[in-house]
Amino acid sequence: MRKNADGTFFAGLAAFLAGTAWVFWAVLNAQTHGGLDIGATAVGERMSRTGSLLMVAWNILLIPAALVLYSRLVHLHPYRVRLATTCGLASLLFWAYGGATHGITPALEVSYLVLSAAWWCGIGLALWPSNKVFGALTIALGVFAFWDAVLTALEPVPFALYLTAAPKLPLSILWDFALGYFLMRKALEDGPVPIFTPFQSV
């Protein structure tokens, strides 16, 4: 149980770091008036690179949590959780690739939004019976991600309509931190998580 607890704890910690990367990106994007979405031509090469690294970070840091969620939920709904997790991992890798290469095209954006919506909705439904609050938050995020995908696919759309998908960003940040809390709490329920020191033997 201790190995499971350790893996779950550090996956939760990585989810917290993913949420932190999201926050830093959102702050920088607000300070540059949306310049990170445009790229180096709007904010300069260094700032654009920083934004890309943060985008890659929040996606890669969620992969351990996605795998831990899979291991904890797959026995409940094997087919649904396998499919949802496959979609989730694909969405995280697509988004990280797009951020790293500055190659986020409308088609790629719609793809990872649809895949992430499938992940969040599938995982949220599996979580719902045992944790209605976190399950509801996960499903709500999935619904907004799907709506964002629809609007992105239909662009251009009226700005007022596009604003209806705006809750996805704060919900994504909130979900990362909620996921981190959920996993770290589960790790502590599984067993004591050791505090490592530089002189501790392996």
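**A chain built of helices**

The secondary structure of this protein chain amounts to 10 helices and 0 strands. The model under discussion is a predicted one. Read from the N terminus, the elements follow the order α-α-α-α-α-α-α-α-α-α.

The overall dimensions come next. Along its principal axes, the C-alpha trace of the protein chain extends over about 50 × 40 × 25 Å. The radius of gyration of the chain is 18 Å, which agrees with the value near 17 Å that a compact globule of 202 residues would have. Of the contacts in the chain with a separation of 6 or more, 69% are accounted for by residues 24 or more positions apart.

The outside of the chain may be considered before the interior. The accessible surface comes to about 10700 Å², and 72% of this area belongs to carbon and sulfur atoms. The chain carries 11 positive and 9 negative side chains, and the centres of these two sets are 11 Å apart.

What share of the 202 residues is buried? Buried residues make up 42% of the chain. In soluble globular proteins, nonpolar side chains tend to be buried together. In this model, the largest nonpolar core contains 44 residues, and those with the most contacts inside it are Trp175 and Leu179. At least two residues of this core are supplied by each of the helices α1 (2-31), α4 (45-60), α5 (63-73), α6, α7 (106-127), α8 (132-153) and α10 (168-190). Helix α7 gives the most to the core, with 9 residues.

Trp175 deserves a closer look. Which residues does Trp175 touch, once those up to four places away in sequence are set aside? Its partners are Leu62, Leu69, Trp119, Trp120, Phe134, Leu137, Thr138 and Leu141.

A second residue to examine is Phe94, which is placed in helix α6, a helix formed by residues 78-101. Is Phe94 buried, partly exposed or exposed? Phe94 counts as partly exposed because its relative accessibility is 37%, and the partly exposed class lies between the limits of 20% and 50%. When its neighbours within four places in sequence are left aside, Phe94 is in contact with Leu108, Ser111, Tyr112 and Leu115. Phe94 can also be related to a residue farther along the chain: Tyr181 stands 87 residues apart from Phe94 in sequence, and the C-alpha atoms of the two are separated by 26 Å.

Terms used:
Residues are numbered from 1 along each chain as its sequence is written. This is a predicted model: local features need pLDDT of at least 70, side-chain atom pairs count only at pLDDT 80 or more; totals for chains, interfaces and linings use all residues. Side-chain values use heavy atoms; hydrogens and water are left out. Helices (H or I, at least four residues) and strands (E, at least two) are DSSP runs, numbered from the N terminus. Buried means under 20% relative accessible area, exposed over 50%, partly exposed in between (1.4 Å probe, protein chains only). Contact means heavy atoms within 4.5 Å. A nonpolar core is a set of buried Ala, Val, Leu, Ile, Met, Phe, Trp, Tyr and Cys residues joined through side-chain atoms within 4.5 Å. The radius of gyration is taken over C-alpha atoms; the globule rule is 2.2 Å times the number of residues to the power 0.38. Accessible areas come from the Shrake-Rupley method with a 1.4 Å probe; for residues, only the protein chains shown count as cover. Lys and Arg count as positive and Asp and Glu as negative; His and the chain ends are not counted. The place of a charge is taken as NZ of Lys, CZ of Arg, CG of Asp or CD of Glu.
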